[in-house]
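I opened the notebook today to look up how one sheet is put together, strand by strand, and what packs against it.

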Amino acid sequence: MAGSIKIQNIIFILIGTAIMSFGLVYFNMENNLADGGFTGITLILYFVFSIDPAYSNLVLNIPLFLIGWKVLGRNVFVYTIIGTFAVSLFLWLFQRYPIISLPLQDDMTLAALFAGVFIGVGLGIVFRFGGTTGGVDIIAKMGFKYLGWSMGKTMFMFDAAVITTSLVYLNYREAMYTLVAVFIAAKVIDFMQQGAYSGKAAMIISEHGPEIAATILREMDRGATILKGKGTFTGMDREVLYCVVGRNEMVRLKNLIAKVDPHAFVTLGDVQDVMGEGFTFDEHKRPLER
């Protein structure tokens, strides 16, 4: 049974689309930068034919709404409708009721940087709360959901094709800065998709495994799991500790391990998202506020 539509998700989707639209109006449109995907197509129509992106965004997305309904399900479809209309609304508002003027033609590096950050943060928020803004976002969402493709990388491929077409109004300097903005946006989207609770995973091989585990629990209030392993060189059974800690606890963990067993073999790897006790829930299974 599908989950219910959440007001919290709608609020954050609106926030995300506002941030994205702000970046499009005040950095892309103000400084003659293109974009990728359907947004880039609306900018081509704007710069070449003077068609308002607030309107073309809706017209271009209508055919994809049916695909969104059939493939993404009711909730995502509703969030997509909200996100798409919200983008058009905020584009319309920011153009007709300017908040600030940010002409950065003399510093296109800043223009590209902020365009990428605002669009990336905005879309990242929308994606994280289950929505899309239509267009290529729907395709990227489907690729992530069913094929495990990175949303940022999927969008980057579409962006490249649209930006190539955008050369009809861009000069080569603006095109290169546009690529910088799109690359930054893709990285920001991926960063936000990776999760709010990232950390480090440690694999510890030591003859003093139980003692190290007890020290980690006592000193850091972190648990560890003892796995059974076997050395291929010696053929001897080994106990392997697996432990996940926050990034800011990594140095402390290494120091504790070295204190108990300076000869322990330790590997550390990035963990993109962590859920469970100590990260998203406390010992009483109550959500942690961060």
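The entries below go from the sheet as a whole to its pairings, then to the hairpin and the helix.

Entry 1, the sheet. I am working with a predicted model, and I began with the strand order, which I read as β2-β3-β1-β4 in an open sheet of four strands with antiparallel pairing. I then noted that β2 (225-230) and β4 (265-271) are the edge strands, each of them pairing on one side only. For the twist, I recorded that neighbouring strands of this sheet are turned by 25° against each other on average, with direction ignored.

Entry 2, the pairings of β3. How many bridges join β1 to β3? I found seven, with the two strands running antiparallel. On the side of β2, I found that β3 (residues 237-246) pairs with β2 in the antiparallel sense over six bridges.

Entry 3, single partners. I looked up Leu-241 in β3 and found it as the bridge partner of Ile-204, and I found Leu-241 again as the bridge partner of Ile-226. I also wrote down Val-240, which in β3 is the bridge partner of Leu-227. I kept in mind that in a regular strand the side chains alternate between the two faces of the sheet.

Entry 4, the hairpin. Between β2 and β3 I noted a hairpin with six residues between the strands, in which Gly-235 takes a positive phi near 75°.

Entry 5, the helix. Which strands does helix α8 lie across? I found that α8 (residues 209-220) lies across β1 (199-205) and β3, and that the helix runs at about 15° to β3.

Key: Residues numbered from 1 in each chain as written. Predicted model: local features only at pLDDT ≥ 70, side-chain atom pairs only at ≥ 80, totals over all residues. Heavy atoms only, no water. Pairing = 2+ DSSP bridges. Axes fitted to C-alpha atoms, helices over the stretch in contact; angles between N-to-C directions. Contact = heavy atoms within 4.5 Å.
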